[in-house]
Structure formats: structure tokens, C-alpha cells
Amino acid sequence: MKDAATRTPVSIMRKAIRHLQAADPVMGDIIQRVGAYRIQFREPGFETVVRSIVNQQLSGRVAQVIFGRLVAAVPGGLLTPVNILALRPAKMRRLGLSKQKTLYIRDLARLTRKGAVDFAKLADLADAEVVELLTKVKGVGVWTAHMFLIFALRRTNVLPSGDLGIRAAIRKAYGLEELPKPAEIEVLGQRWHPYCTVASWYLWRSLEPNANL
């Protein structure tokens, strides 16, 4: 049986929450306050990475508008490498994409079309291999690769230690004077293994209870 919202096996979800509560009282308090684990997944394909590139350094509302324009600009609303490359860069710029993001999305499309990035095979790769492959694409950094691992490939032990939201949530929950450095988060996160993804989701939701994560 699988939870309809998370599509994560209920037995694994319960095991993860029990582990986090036992290993870290602060995390246990967050779990109790936030409630059920209801992560929202995305499809593990080309469109998801395009969306991540569009979202970079933009508010959620603005990014949603620009992404919607991009979808509306391609045949059938299908964001495929072929459809992206059929758009002129100038047209993509008029949709609201910056020059850099236009280059990034087109680079991703070219690499995907020629098979250098094969989304069908990513599920068979280890986390580090996925990060290594995706970060070869211009504009795709470790953060974007981590988001893909969490929300598209549904990996259970990913800790995006450089994420500002994670850093802010840890500072607040653990009563720190300053934002923790990524290396400090990696040390703290050792107690959450092998369920760092679940811990990360709860940290995000501790700051934004209604976020669509």
C-alpha cells in the first residue's frame, strides 16, 4: 500500500519518522509540529530540470508565470528537447527568460537530444553519479541536481546542505546565532542518515507550512 500524496511506501515513511524522532529530539519536535510527511513528487524527466532552471533566483509566482509562457509557446504544451530547440532564442527571451537561462535550457535540450543526458537511465545511477552527470549541463549546479534527486528520483537520503531554506530552518530550530555552513550541516545531518530527504522536507516545512514541496 502506498500513500496517495507521497507515493512513498508507508512502511518506509513510518520507519524514517521513527528514526528521526529517536535520533534527534529537535527534529522530533519539528515532525510533531508539522504533521504528516506529504512530499509532492515530479516526473523524472527533461521538463523537471527545465522548470528548475526557470525557477533559479526568482520568486515562485514570477517563475510560474514564465514557465507557463514557455509551455504555451511549444506545440501541444510539450517541453521536449526538439520543441525547445525549435524556438528561437529571441522568442525565449521575450517569454521572460534571461539570456543565461535561455542558454542553459538550450544546452540541456542539445545534450538530451544527443543522448549525453539520458533521463531514462538516471534512476539506475547512484546519487553521486546523477549529480556528476547533471552538473555537466550549463546552469545546472549541485543544488538543482539535489532537487532532482529528491523530488523526481525520490531518493531518501539527500541533504542539500547549501540550500538557504535548510540553513535558515536549522538556525531557527537549533537556536544558532548565525546561518550554519554547509560543512556544519553535513555533520549535524549524520544523525539523520539514511533519511536525510525526510529531514530536509520537515526543515523546509517548518519555515513554510503551506509550501508545495
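Is Thr-144 buried or exposed? Select this residue to begin the tour of what is a predicted model: Thr-144 has a relative accessible area of 4% and is therefore buried, since the cut-off for that class is under 20%. Thr-144 is found in helix H10, which spans residues 142-151, and, once residues up to four places away in sequence are set aside, Thr-144 touches Ser-52 and Gln-56.

Next, keep H10 on display and add helix H9, residues 127-134; the two helices pack at an angle of about 130°, with their axes 9 Å apart. H9 and H10 are therefore oblique to each other, and their crossing is right-handed. To see the contact itself, show the side chains of Asp-127, Val-130, Val-131 and Leu-134 in H9, which meet Val-142, Ala-145, His-146, Phe-148 and Leu-149 in H10. By class, the residues of this contact between H9 and H10 divide into seven nonpolar, one polar and one charged.

Now move to a second helix pair, selecting helix H3 (residues 46-55) together with helix H7 (residues 99-113), whose packing angle is about 165° and whose axes are 10 Å apart. With an angle over 145 degrees, H3 and H7 are therefore roughly antiparallel to each other, and H3 passes H7 in a right-handed crossing. On the H3 side the contact is made by Phe-46, Val-49, Val-50, Ile-53, Val-54 and Asn-55, while H7 contributes Lys-101, Tyr-104, Ile-105, Leu-108, Ala-109 and Thr-112. These residues of the contact of H3 with H7 comprise nine nonpolar, two polar and one charged.

From this pair, pick out Ile-105 and display what surrounds it: leaving aside neighbours within four places in sequence, Ile-105 is in contact with Val-50, Ile-53, Val-54, Leu-70, Ile-84, Met-92 and Leu-97.

Follow that list to Met-92, which lies in helix H6, residues 89-94, and which counts as buried because its relative accessibility is 0%. Again leaving aside neighbours within four places in sequence, Met-92 is in contact with Ile-84, Leu-87, Leu-97, Thr-102, Ile-105 and Arg-106. A C-alpha to C-alpha distance drawn from Met-92 to Thr-102 should read 6.4 Å, for two residues that are 10 apart in sequence.

For the last stop, turn to the largest nonpolar core, which has 65 residues, and colour those with the most contacts inside it, namely Val-50, Leu-70, Ile-105, Phe-119, Leu-134, Trp-192 and Tyr-202. Then select helix H13, residues 196-207, which gives the most to this core, with seven residues.

Technical notes:
Residues are numbered from 1 along each chain as its sequence is written. This is a predicted model: local features need pLDDT of at least 70, side-chain atom pairs count only at pLDDT 80 or more; totals for chains, interfaces and linings use all residues. Side-chain values use heavy atoms; hydrogens and water are left out. Axes are lines fitted to C-alpha atoms, for helices over the stretch in contact, and angles run from 0 to 180 degrees between N-to-C directions. Helices (H or I, at least four residues) and strands (E, at least two) are DSSP runs, numbered from the N terminus. Angles under 35 degrees count as roughly parallel, over 145 as roughly antiparallel, 65 to 115 as roughly perpendicular and the rest as oblique. A crossing is left-handed if the near helix is turned anticlockwise from the far one by less than a right angle, and right-handed if clockwise. Contact means heavy atoms within 4.5 Å. Ala, Val, Leu, Ile, Met, Phe, Trp, Tyr, Cys and Pro count as nonpolar, Asp, Glu, Lys and Arg as charged, and the others, Gly among them, as polar. A nonpolar core is a set of buried Ala, Val, Leu, Ile, Met, Phe, Trp, Tyr and Cys residues joined through side-chain atoms within 4.5 Å. Buried means under 20% relative accessible area, exposed over 50%, partly exposed in between (1.4 Å probe, protein chains only).
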